[in-house]
Amino acid sequence: MGANNYYDILGVKKDTSDKDIKQAYRRLARKYHPDVNPGDNSAEAKFKEVNAAFEVLSDKEKRRKYDKYGDKWQYADQLDEAARQQSQYRQYTTGDSSHFGGDIGGMDSLFDELFGGARSRGFSRRSQPRRGQDLETSVEVTLEEAFNGSSRMINLQDEQPCSTCHGTGRIQNLPCSTCRGAGVVADIKRLEVKIPAGVTSGSRVRISGKGQAGYGSGPSGDLYLNVTVAPHPVFQRQGTDLTVEIPVPLTVAVLGGEIQVPTPKGGKLALKIPPETQNGRVFRLGGQGMPHLGKSTRGDLKAKVNIVIPTKLTEKEKELFRQLDQLRPA
Ligand SMILES: [Zn+2]
């Protein structure tokens, strides 16, 4: 694992519990959040790093892969599969490991082999036309990305018709040596996908025709993105509504005034606080919440008043509060 080890980024040990990882993330995300550090590029970079680390370490499956393969964790399935196939192949080719370039122990050589051109997979395929398989992958986005819509580069395990035998698996009636008769070779497809505004955790985005290629003249399958939206340190989401706590000074709550409310767009909105506003009161800012998926309308932003009691009072201030206390009817 490199210098940017996800555990180091979150400042936790490798055997840390999920709960402690969440706590470390919350603390760091608050510290480096762009709302708290406007214009600070290093804080923003740190914020992204922390989010990337949390995305992996908060997901049981991703964390397991990360522990096993480090920064190549995204290729864990392919690496596991390649390791399995290599050990099988070895059994059939008593003692001859030269096909795989000698020693086949290390992960890096496996990785090179998988992505470096030596492709070999042992399935047999019939060549009649058939629709390609649907593919599925998971994508995590930030709340801001869910608000604006975003795009992602993703890596998909794929297979391509073998170019040596043109997918037939045979050359002059002998099994093709490139694909070992399968007619297809394994491939990694890099693809940019669009994630629409308004997605929520659990959204399944279908990307038509981006699954596995069809066989023969069959159509391609579809690609499905299983979306998760990462928790946000400032906004809490309920469907298309967002709640944000706004600190209101005691004097403003008592006498009335104006308060700035952060919005998911990134800006701030002025909110009028009427005199004698109680703690916990919620003001609804219509149409300032999350987009409805596939529509141009939006939910509401709910600003929840959190009255801030002044601290470090001077003697004079204390005296005024005492006078106030005596003035108030019991
Ligand atoms: Zn071939």
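**Exercise 1. Determine whether His166 is buried or exposed in this predicted model.**

Solution. Begin with the count of neighbours: His166 has 11 C-beta neighbours inside 10 Å. The cut-off for an exposed residue is 12 or fewer such atoms. His166 therefore counts as exposed. Next, place the residue in the chain: His166 belongs to the loop between strand S2 (150–161) and strand S3 (170–171). Finally, consider the backbone. Most residues other than glycine have a negative phi. His166 is not a glycine, yet its phi is positive, at about 55°.

**Exercise 2. State where Glu276 lies and whether it is buried or exposed.**

Solution. The loop between strand S11 (268–273) and S12 holds Glu276. Within 10 Å of this residue there are 9 other C-beta atoms, so Glu276 is exposed. Its phi is positive, about 60°, although Glu276 is not a glycine.

**Exercise 3. Describe the position of Asn4 in the chain and in space.**

Solution. In the chain, Asn4 is part of the segment before helix H1 (6–10). In space, 11 other C-beta atoms lie within 10 Å of Asn4, which means that the residue is exposed. Glu49 is 45 residues away from Asn4 along the chain, while the C-alpha atoms of the two are separated by 8.6 Å.

**Exercise 4. Identify which strands stand at the edges of the open sheet S1-S7-S6, and explain why one side of each is left without a neighbour.**

Solution. First, read the order: three strands, S1-S7-S6, form an open sheet with mixed pairing. Then look at the partners. S1 and strand S6 (204–207) each have a single partner strand, so they stand at the edges and one side of each has no neighbour in the sheet. On average, and with direction ignored, neighbouring strands of this sheet are turned by 25° against each other. As a last step, examine one pair: S6 and S7 run antiparallel and are joined by four bridges. Within S7, Leu223 is the bridge partner of Ile207.

**Exercise 5. Establish in which sense S13 pairs with strand S9 (residues 241–249) and with strand S12 (residues 282–285).**

Solution. Take S9 first: S9 and S13 run parallel, joined by eight bridges. Pro247 has its bridge partner in S13, namely Asn306. Turn then to S12, which pairs with S13 in the antiparallel sense over four bridges. Here the bridge partner of Arg284 in S13 is Lys302.

**Exercise 6. Explain why the largest nonpolar core lies between domain 1 (121–233) and domain 2 (235–312).**

Solution. Start with the members. The core has 15 residues, of which Val141, Ala146, Ile195, Val199, Val227 and Val229 touch the most other members. Next, list the elements that give two or more residues: strand S1 (135–141), helix H7 (143–148), strand S7 (223–229) and strand S13 (301–308). The most comes from S7, with four residues. Both domain 1 and domain 2 give residues to this core, so the core lies between them. For a closer view of one member, set aside the neighbours of Val227 within four places in sequence; Val227 is then in contact with Val139, Val141, Ile195, Val199, Ser201, Ser203 and Val205. Another core, of 14 residues, lies apart from this one and includes Tyr6, Ile9, Leu10 and Phe54.

**Exercise 7. Give the number of helices and strands in the protein, and the share of buried residues.**

Solution. The protein has nine helices and 13 strands. Of its 330 residues, 21% are buried. Among contacts with a separation of 6 or more, 59% join residues 24 or more positions apart.

Note on methods
Residues numbered from 1 in each chain as written. Predicted model: local features only at pLDDT ≥ 70, side-chain atom pairs only at ≥ 80, totals over all residues. Core = buried A, V, L, I, M, F, W, Y, C linked by C-beta atoms within 7 Å. Buried ≥ 20, exposed ≤ 12 C-beta atoms within 10 Å, placed from the backbone. Domains from an automatic or database assignment. Contact = placed C-beta atoms within 7 Å. Pairing = 2+ DSSP bridges. Axes fitted to C-alpha atoms, helices over the stretch in contact; angles between N-to-C directions.
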